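Student: Could you take me through one part of this protein slowly and carefully? I would like to see how one element sits among its neighbours.

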Amino acid sequence: MKSLNESLQGIMRGKNINTNIAELMKKVMADSDVQSFLSANRDQITKEMVRSGQSKLYEFYHEKQLRQRGEATVAPGYSPQLVLNSGQIDVTYVPTKQLVEQERQRHIKRLVQSINMPKFIQHASLDDFYIDEQHATATRTAALKAAVDFTESYQPGHFQPGLYLYGNFGVGKTYLLGAIANELAKTKGVATTMMHFPSFAVEMRNSIKSNSTSEKLAAVKKAPILMLDDIGADAMSKWVRDDVLGIILEYRMQEELPTFFSSNFSMDELAANHLAVDTQGDREPLKAQRIMERIKFLSREMPMTGQNLRNKG
């Protein structure tokens, strides 16, 4: 608190407190918060404590005046509060409501970890999910309802299947996933990992050189809530399908961890046209079926149709 003491000494010198102390302390003692403090603690506070605590009373009064005028204070973001400390009048500083809210918002943002995801998901909200009489479809309305139902009923430690959102480009699948993640962070304090799966697959291949594959895989598969965006956008190698996606889904199924997906393809299309055929053109329907069993356990299929909102004017 060196800066506080130095500041207070400068204030007192500027006010010529040695000659004006009586007038200054009259204002301090007339302050409603000072009076309330002295009244609330009248059984413990003596005249001697008030005399020896004049500098602290003045510190409280001065900092309070600065905050009310919107000027810089000794402890920005904190408001002064009078207390009794070891039989003496003292001043402590407590976070303002504004600072508490700022910290809460920062904490919420930290709960949503995005990997190669578009910036707009940071501000995605269920309240702003685009539905109006002209452009709403039954599927978009149903998807929004399913999202709201999940966020309202989800309880950490209790398994609840996520959603498998599928539909054409630009119908709001990624936005809705971001809105769910932000709502869970805000209302339930739940951490979510969102990632663009094709980009993650590339990172996993690159991690082989740095021998960090296991570490990256473990961080993703253990996320309390996991969202795999744009699954099926690129053809998968056998390694990505079996040793990356397969391991992630197997772990999450065994641990019953909610998982969300977005795709341009239905579950049947994903299985037949993407999971069953690898980058070499080899068909392995049984392995695709094994992956799909896990996806179906972890999520519930939800189509989304409508116009491409990216082109909405």
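Student: As a way in, is Asp 230 buried or exposed? Please then go on from there to a close look at strand β7 and what surrounds it.

Tutor: Please keep in mind throughout that this is a predicted model. With a relative accessibility of 19%, Asp 230 counts as buried, because the cut-off for that word is under 20% relative accessible area. Asp 230 sits in the loop that lies between β6 and α11, and its backbone deserves a look as well, since its phi is positive, about 65°, although Asp 230 is not a glycine. For comparison, most residues other than glycine have a negative phi.

From that loop we can follow the chain towards the strand you asked about. Strand β6 covers residues 225–229, and the path goes from β6 through helix α11, residues 238–255, to β7, making a β-α-β crossover that is right-handed. Between α11 and β7 there is again a loop, and Glu 256 is found in it. Glu 256 has a positive phi too, near 55°, and is likewise a residue other than glycine. In terms of cover, Glu 256 is partly exposed, its relative accessible area being 42%.

Now we arrive at β7 itself, which spans residues 259–263. Five of its five residues are buried, so the strand is largely enclosed by the rest of the structure. You can check this one face at a time: on one side are Thr 259, Phe 261 and Ser 263, on the other are Phe 260 and Ser 262, and all of these are buried, which leaves both faces of β7 covered.

Next, consider the strands that pair with β7. Strand β6 runs parallel to β7, and three bridges join the two; within this pairing, Leu 228 has Phe 261 as its bridge partner in β7. Strand β4, residues 162–166, also pairs with β7 in the parallel sense, again over three bridges, and here Tyr 164 has Phe 261 as its bridge partner. Phe 261 is therefore a good residue to select on your screen, being on one of the two buried faces of β7 and a bridge partner of both Tyr 164 and Leu 228.

Leu 228 also leads us to the nonpolar surroundings, because it is one of the residues in contact with Leu 245 once neighbours within four places in sequence are left aside. The other contacts of Leu 245 counted in this way are Phe 197, Ile 231, Met 236, Val 240, Leu 275 and Ile 291. Leu 245 belongs to the largest nonpolar core, which has 30 residues, and together with Phe 197 and Ile 295 it touches the most other members. Several elements build this core, for α9, α10, β6, α11, α12 and α13 each supply at least two of its residues. Apart from it lies another core, of 27 residues, among them Phe 129, Ala 146, Phe 150 and Ile 180.

Helix α11, which we crossed on the way to β7, has a charged link as well. Glu 250 and Arg 294 meet through their side chains in a salt bridge, at 2.6 Å from N to O. This pair ties together distant parts of the chain, with Glu 250 in helix α11 and Arg 294 in helix α13, 44 residues apart. The two partners differ in cover: Glu 250 is partly exposed, at 26% relative accessibility, whereas Arg 294 is buried, with a relative accessible area of 14%. In general, side chains of opposite charge can pair when their charged atoms come close.

It helps to set that link beside one within a single helix. Asp 149 and Lys 145 form a salt bridge whose closest N and O atoms are 2.9 Å apart, and both residues lie in helix α7, four residues apart, which is about one turn of the helix. Of these two, Asp 149 is partly exposed, at 34%, and Lys 145 is exposed, at 53%. Over the whole structure, a search finds eleven salt bridges.

Finally, we can place β7 in the whole. The protein has 13 helices and eight strands, and buried residues make up 45% of its 313 residues. Of the contacts between residues at least 6 apart in sequence, 75% join residues at least 24 apart.

Methods
Residues are numbered from 1 along each chain as its sequence is written. This is a predicted model: local features need pLDDT of at least 70, side-chain atom pairs count only at pLDDT 80 or more; totals for chains, interfaces and linings use all residues. Side-chain values use heavy atoms; hydrogens and water are left out. Buried means under 20% relative accessible area, exposed over 50%, partly exposed in between (1.4 Å probe, protein chains only). Two strands pair if DSSP finds at least two bridges between them. A crossover is right-handed if, with the strands pointing away from the viewer, the path from the first strand over the helix to the second runs clockwise. A salt bridge is a side-chain nitrogen of Lys or Arg within 4 Å of a carboxyl oxygen of Asp or Glu. A nonpolar core is a set of buried Ala, Val, Leu, Ile, Met, Phe, Trp, Tyr and Cys residues joined through side-chain atoms within 4.5 Å. Contact means heavy atoms within 4.5 Å.
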